[in-house]
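User: Could you walk me through this structure and explain the words used for it as we go? I am new to it.

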Amino acid sequence: MFSVRGRGVARAAATILVSGLVAAGAIATAGPALADDGAGGGGVTAKLGGLTEADSVVITEKDGEKDGESWSVSGGLFTMQVDGGGTLQTYCIDLRTGAKRDYTYKEVGWAESSLHNNDDAGKILWILQNAYPKNSAESLGAKLGVDLSKQEAAAGTQAAIWTLSDDVKAKPKSSDAAKLTDYLLKEAVKLEEPKPSLDLSLANVAGKAGDKLGPITVTTNAEKAKLQPAAGAPAGVKIVDKDGKPVSDAKNGDQVFFDVPAGTPDGTAELTAEATTKVSLGRAFVSVDGPSQTLILAGSSDSTVTAKASASWAKKGAVPAVTVAKDCAKGGLEVIASNAGDEPWTFDLKGTSYTVAAGETKTITVPVAEDEAYKFTITGPNGFEETFEGVLDCKTAPPGPKPSETPSTTPSTTPSTPATTGGTTGDTTGGSTGTTGTTTGGGDLAETGSSNATPMIAGIAAALVVVGGGAVFFLRKKKAAGQ
């Protein structure tokens, strides 16, 4: 989630570092734009498109009052366009939450998503590595002795994933696709979580001129990441390794520092890291524009990935740095505030004042409700200011109203078909058995993002487009201060 800068490696107990900020007490629920799920900020950002290959899947509930109840939905592959270049293919791991087309998504680790407490996350990764599109529909069909289309292969793969991600019985209507689902579930074994495409371990570091500020650890699946101080850095400030040698690139696991010459006036600098790589299969993607279906990576072209970190220094007084850890296991945020200066630093959050002594690091727990938005700004001396806003998205939606019972608003401007794009700009809310889709507006692509809209619904939608235009609303992500 972001408007902060970064998504870090999972710390302990499913804790993820977000990026430069401090928070305490309760936080306000605010509009869209998620704080980056990581310490230093990094990874792929992409915009959600529609379903490209999909087919009908029957969902049978296995929990509570809905136990045994069935409904149908289109399941398959989404396409996503990467900021800076590249294309991704993803499956859904949050069946009952609508997917908002044109929403921006951020790459995150499992601990920052609904997989944080899912014992079958490693099996889902195995499925991604052994199913479609990693393996062709033809090769999968030959293995099973059936003739699989791409749509059936995608639906069969999605059904197997839903069975493990959402605790339902998911079965494609196609008997050939169902054989693929059964095979994948039978053979799946647990695999280790994949590495991020690019991440920096800290969003903020602080200290005094004449010191090396850091370390900042680079995590990436690329061969190397290019490093450089951002434009506007004070003269003489360099990016160096642990031995103080200037560096312009780094490999996975390398540690780098800001080298600030003695006598440099109080100030700040920013480090930019960039790489071109394929995102690892199994990386989760969460919306940064508001609540929307969580996705998991099934395929990637070469994509541009970036990460940032900043440093601040001063001769005297407080020198603050802040990091936020999103802890899905605890259902909230963990704010880590440090002070590298020689005087106390006091900051205010939601009317509560917190003081960090010189040389102290303080951790503050911030509870956040599932799907609630948050926004807050932390300030300090020498113009220090960081704003963070986001939505905590850590759980799959529980059984509730069937997709067809979801309230409709504005019709889609383009009717969808289950095997293609699935509701280009509209909100498709899945469907119950016999009524597999109800198309609505607001940019949602329900459940899997597609509906089996009937010709009559399509005609009504088209007529409404001609008469009134079928409004489509986009939630614009607010930019964090300093980003």
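Analyst: Happy to; below, each term is set against its cut-offs. This is a predicted model, in which local features need pLDDT of at least 70 and side-chain atom pairs count only at pLDDT 80 or more, while totals for chains, interfaces and linings use all residues. Residues are numbered from 1 along each chain as its sequence is written, and side-chain values use heavy atoms, leaving out hydrogens and water.

User: Why is Gln 158 called buried?

Analyst: Buried means under 20% relative accessible area, exposed over 50% and partly exposed in between, with a 1.4 Å probe and protein chains only. Gln 158 has a relative accessible area of 0%, so it counts as buried. Gln 158 sits in helix H3, residues 150–165; helices (H or I, at least four residues) and strands (E, at least two) are DSSP runs numbered from the N terminus.

User: What does Gln 158 touch?

Analyst: Contact means heavy atoms within 4.5 Å. Leaving aside residues up to four places away in sequence, Gln 158 touches Gly 75, Gly 76, Tyr 91 and Cys 92. With Cys 92 there is also a side-chain reach to the backbone nitrogen, at 2.9 Å. That fits a polar contact, a pair of N or O atoms within 3.5 Å; within protein, one must be able to donate a hydrogen and the other to accept it, and residues adjacent in sequence count only if both atoms are side-chain atoms.

User: How do you know that helix H1 is largely enclosed?

Analyst: Seven of the ten residues of H1 (residues 121–130) are buried, so the rest of the structure largely encloses this helix. Among those buried residues are Ala 121, Leu 125 and Trp 126. Their cover includes strand E5 (87–92), H3, helix H4 (175–187) and strand E18 (295–300).

User: And what makes strand E20 largely enclosed?

Analyst: Eight of the eight residues of E20 (residues 320–327) are buried, so this strand is largely enclosed too. Pro 320, Val 322, Val 324 and Lys 326 point one way, while Ala 321, Thr 323, Ala 325 and Asp 327 point the other way. In a regular strand, side chains alternate between the two faces of the sheet.

User: Why can E20 and strand E21 be called paired?

Analyst: Two strands pair if DSSP finds at least two bridges between them. Eight bridges join E20 to E21 (residues 332–339), and the strands run antiparallel. Val 322 stands opposite Ala 337 in E21. Their hairpin has four residues between the strands, and Gly 331 takes a positive phi near 70° there.

User: What makes a set of residues a nonpolar core?

Analyst: The set must consist of buried Ala, Val, Leu, Ile, Met, Phe, Trp, Tyr and Cys residues joined through side-chain atoms within 4.5 Å. The largest one here has 51 residues, and Ile 59, Leu 88, Trp 162, Phe 258 and Phe 285 have the most contacts inside it. Its largest share, six residues, comes from strand E3 (residues 45–60). Apart from it lies another core, of 28 residues, including Ile 93 and Leu 128.

User: How do you know that Arg 283 and Glu 107 form a salt bridge?

Analyst: A salt bridge is a side-chain nitrogen of Lys or Arg within 4 Å of a carboxyl oxygen of Asp or Glu. The N to O distance for Arg 283 and Glu 107 is 2.8 Å, which meets the rule. The two are 176 residues apart, with Arg 283 in the loop between strands E16 (267–277) and E17 (284–287), and Glu 107 in strand E7 (residues 104–108). At 4% relative accessible area Arg 283 is buried, and so is Glu 107 at 0%. By this rule the count comes to ten salt bridges.

User: Why is Asp 182 called partly exposed?

Analyst: Its relative accessible area is 39%, so it falls between the two limits. Asp 182 meets Lys 171 in a salt bridge at 2.9 Å, N to O, and Lys 171 is partly exposed as well, at 32%.

User: Why is the ring pair of Phe 347 and Tyr 354 called stacked?

Analyst: Rings of Phe, Tyr and Trp (its six-membered ring) pair if their centres lie within 6.5 Å; planes under 30 degrees apart are stacked, over 60 edge-to-face and the rest tilted. Phe 347 and Tyr 354 have centres 5.7 Å apart and planes at 25°, so they are stacked. By contrast, Tyr 374 and Phe 376, at 6.2 Å and 35°, are tilted. The structure holds four aromatic pairs.
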